Amino acid sequence: MSITLLTRDGCAACVAARADLTRICGEFSVEYDVVDVDAAANAGDPELRAEYGDRLPVVLLDGQEHSYWEVDEPRLRADLGAQRG
């Protein structure tokens, strides 16, 4: 299972989502990646910013959109718990 948080520098909601993910993923001993969509676009990969840039932060679970604007904690906990099972 892979979890990715798509963010942007200066995004207060992104900071809150990162704190939520750190707490939740820590409880499940799961790592997650953080990708700044603007940095990715400047490095030659504009696709993430084009797709998700207007609704950040976005949580991707196994490459699929799981939640946006905030972490859907009940849903993420259920999905992480199902992966343990």
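Arg55 counts as buried, at 17% relative accessibility; buried means under 20% relative accessible area, exposed over 50%, and partly exposed in between (1.4 Å probe, protein chains only). Keep in mind that this is a predicted model, where local features need pLDDT of at least 70, side-chain atom pairs count only at pLDDT 80 or more, and totals for chains, interfaces and linings use all residues. Residues are numbered from 1 along each chain as its sequence is written, and side-chain values use heavy atoms, with hydrogens and water left out.

Let's put three residues side by side.

| Residue | Where it lies | Relative accessibility |
|---|---|---|
| Arg55 | loop between helix H3 (47-52) and strand S3 (58-61) | 17%, buried |
| Asp20 | helix H1 (residues 12-27) | 26%, partly exposed |
| Trp69 | loop between strand S4 (64-68) and helix H4 (73-84) | 52%, exposed |

The helices (H or I, at least four residues) and strands (E, at least two) are DSSP runs, numbered from the N terminus.

So what does Arg55 touch? Leaving aside neighbours within four places in sequence, Arg55 is in contact (heavy atoms within 4.5 Å) with Glu65, Tyr68 and Trp69. With Glu65, the side chains make a polar contact at 2.7 Å. That term means a pair of N or O atoms within 3.5 Å; within protein, one must be able to donate a hydrogen and the other to accept it, and residues adjacent in sequence count only if both atoms are side-chain atoms. A polar atom of the Arg55 side chain also lies 3.2 Å from the backbone oxygen of Glu51.

Trp69, with the same four-place neighbours set aside, touches Ala13, Asp54, Arg55, Leu56 and Pro57.
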